[in-house]
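Biologist: Could you take me through one part of this model slowly, and then set that part within the chain as a whole? I would like a careful answer that I can follow with the structure open beside me.

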Amino acid sequence: MSIIGSIIAGIIVGALARLVMPGKQNISVLVTILLGIVGALLGWLIAGWLGVQQTDGLDWIRWIISIVVAAIAISVYLGIRGRSSTTR
């Protein structure tokens, strides 16, 4: 995947991950994109391990895995950021 492809996938995956998460996530667009890129790259790596990286047509399983990984990354980020901000 190219750098531009990673950024585009990160935008899409990060936005969809925030959309499926309950409640309001108070994070910036840049953090959403970065966590989306992490989710997309890790999701595609996991899809490769599961043997579903290349399928006919649109790779729905790979995208779903990427969105779930990005949602987990956003949750972890919010958990870490929430804990550190309450100690100040």
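**A close look at helix α2**

Modeller: Helix α2, which covers residues 29-50, has 22 residues and reaches 31 Å from its first C-alpha to its last, and this is close to the 32 Å expected at 1.5 Å a residue. Please keep in mind as you look that this is a predicted model. Along α2, the buried residues are Val 31, Thr 32, Leu 35, Gly 36, Ile 37, Gly 39, Ala 40, Gly 43, Trp 44 and Ala 47. Just after α2 you come to Gly 51, which takes a positive phi of about 80 degrees.

To set α2 in its place, notice that the protein chain has three helices and zero strands, and that its elements run α-α-α from the N terminus on. Of the 88 residues in the protein chain, 35% count as buried. Among the contacts in the protein chain with a separation of 6 or more, 63% are accounted for by residues 24 or more positions apart.

Turning to the outside, the accessible surface of the protein chain comes to about 5700 Å², and 72% of this belongs to carbon and sulfur atoms. A nonpolar surface patch of about 870 Å² is made by Ile 3, Ile 4, Ile 7, Ile 8, Ile 11, Ile 12, Leu 16, Leu 19 and Val 20. One of these residues, Ile 7, lies in helix α1, which covers residues 3-20. Ile 7 has a relative accessible area of 39%, and therefore counts as partly exposed.

Conventions. Residues are numbered from 1 along each chain as its sequence is written. This is a predicted model: local features need pLDDT of at least 70, side-chain atom pairs count only at pLDDT 80 or more; totals for chains, interfaces and linings use all residues. Side-chain values use heavy atoms; hydrogens and water are left out. Patches are made of residues with over 30% relative accessible area and no salt bridge: like charges are joined within 9 Å, nonpolar side chains (Val, Leu, Ile, Met, Phe, Trp, Tyr) within 5 Å. Accessible areas come from the Shrake-Rupley method with a 1.4 Å probe; for residues, only the protein chains shown count as cover. A salt bridge is a side-chain nitrogen of Lys or Arg within 4 Å of a carboxyl oxygen of Asp or Glu. Helices (H or I, at least four residues) and strands (E, at least two) are DSSP runs, numbered from the N terminus. Buried means under 20% relative accessible area, exposed over 50%, partly exposed in between (1.4 Å probe, protein chains only). Contact means heavy atoms within 4.5 Å. The expected span of a helix is 1.5 Å times one less than its number of residues.
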